[in-house]
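This briefing covers model confidence, strand pairing, a nonpolar surface patch and one helix residue. Please read it alongside the sequence and coordinates shown below.

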Amino acid sequence: IHLIYISYIYISYIYIYSYHIFISYNICIFLSHHIYNINIMKISKFNFNFHKKIIIILTILLSISSCFQLIALLTVPVTNKLTLCKYDGYEFGVFGVCKDGYCTDVRIGYKPSQLSDNYEFSLPSNARHSISYLLVVHPIATGFNIIELLLVISLFNQFLSNSINYLLLILLFMLPTFLLTLLSFLVDILLFLPHLQWCGWILLGSTVLIAISGTLLCIMRRT
């Protein structure tokens with residue numbers, strides 16, 4: 001009887017000890033998972049806040065870039081005050097020419113009679129006449145820039161900002177935006193240098209802003 005009693009006590013002790021070990025193990029597992037989830041949440045929150053700051057900066061940069069391109073686009077004859085070039089009474093814009101208050105119809109390209117063969121320009125009039133048709137890149141570049149701005153604004157959605165593929169899409173779309181903006185600035189340089197007005201020079205700033213935006217997007221995609 002004593003042996004049975006002792007065996008019973010021993011088995012009960014083993015059972016209680018095993019139960020406490022099981023409970024302690026489950027508590028440790030629960031705490032480790034809880035701590036891990038807290039750390040993951042902190043990291044996710046940090047990444048989201050970091051991404052949000054970059055998105056705000058991108059939105060500001062691309063908004064300024066779009067405004068610069070709109071200013072260059074809204075030159076004479078669309079408006080009366082803004083010009084890409086002033087020379088010998090002529091005022092040149094993306095869509096036409098004005099002189100003495102009279103402006104041509106809105107169109108792309110200049111007539112040869114509107115381009116005097118003057119050595120003060122970097123190119124002769126016949127070359128400038130051909131290049132003037134490349135002014136069509138101005139509205140195209142502006143459209144691409146505005147679309148790029150809208151794509152960046154959509155990144156305020158956390159799901160989209162965490163999508164690597166969506167960030168890659170925006171980054172790839174930024175390449176033609178940059179090239180078109182750079183091309184529009186180079187066209188203005190070839191046509192109007194050395195009489196290019198500030199409305200043409202700000203396109204250089206627009207090109208630089210797009211390049212900076214592309215760099216920030218690369219950083220955002222890697223974090």
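pLDDT is the predictor's confidence in each residue, on a scale from 0 to 100. The model is predicted, and its chain averages a pLDDT of 80, with 76% of the residues scoring at least 70.

**Confidence along the chain**

- Among the elements of the chain, helix α3 has the highest mean pLDDT, 95, whereas α1 has the lowest, 64.
- Over residues 35-46 the pLDDT stays under 50, and the model has zero contacts for this stretch beyond four places in sequence.
- Where pLDDT is low, the predicted coordinates should not be read in detail.

**Strand pairing**

- Strands β2 (residues 90-93) and β3 (residues 96-99) run antiparallel and are joined by four bridges.
- Within this pairing, Glu-91 has Cys-98 of β3 as its bridge partner.
- Two residues separate β2 from β3, and the two strands form a hairpin.
- Strand β3 also pairs with β4 (residues 102-103), in the antiparallel sense and over two bridges.
- In that second pairing, Tyr-102 of β4 stands opposite Lys-99.
- A hairpin is likewise formed by β3 and β4, with two residues between them.
- Asp-100, in the turn of the β3-β4 hairpin, has a positive phi of about 55°.

**Nonpolar surface patch**

- A nonpolar patch of about 890 Å² lies on the surface, made by Ile-56, Ile-60, Ile-64, Leu-70, Leu-74, Val-78, Val-106, Ile-146, Leu-150, Ile-153 and Phe-156.
- The elements giving two or more residues to the patch are α1 (2-73) and α3 (137-153).
- Helix α1 provides the largest share, namely four residues.
- One of the patch residues is Ile-56, whose place is in helix α1.
- Ile-56 has a relative accessible area of 38% and is therefore partly exposed, since that class lies between the cut-offs of 20% for buried and 50% for exposed.

**Asn-145 in helix α3**

- Is Asn-145 buried or exposed? Asn-145, which lies in helix α3, counts as buried because its relative accessibility is 0%, and buried means under 20%.
- Which residues are in contact with Asn-145, leaving aside its neighbours within four places in sequence? They are Leu-62, Ser-65, Ser-66, Gln-69, Thr-177, Ser-206 and Ile-210.

Technical notes
Residues numbered from 1 in each chain as written. Predicted model: local features only at pLDDT ≥ 70, side-chain atom pairs only at ≥ 80, totals over all residues. Heavy atoms only, no water. Patch = residues over 30% accessible without salt bridge, like charges linked within 9 Å, V, L, I, M, F, W, Y side chains within 5 Å. Areas by Shrake-Rupley, 256 points an atom, 1.4 Å probe, with all protein chains shown as cover. Salt bridge = Lys/Arg side-chain N within 4 Å of Asp/Glu carboxyl O. Buried < 20%, exposed > 50% of the residue type's maximum accessible area, 1.4 Å probe, protein only. Pairing = 2+ DSSP bridges. Contact = heavy atoms within 4.5 Å.
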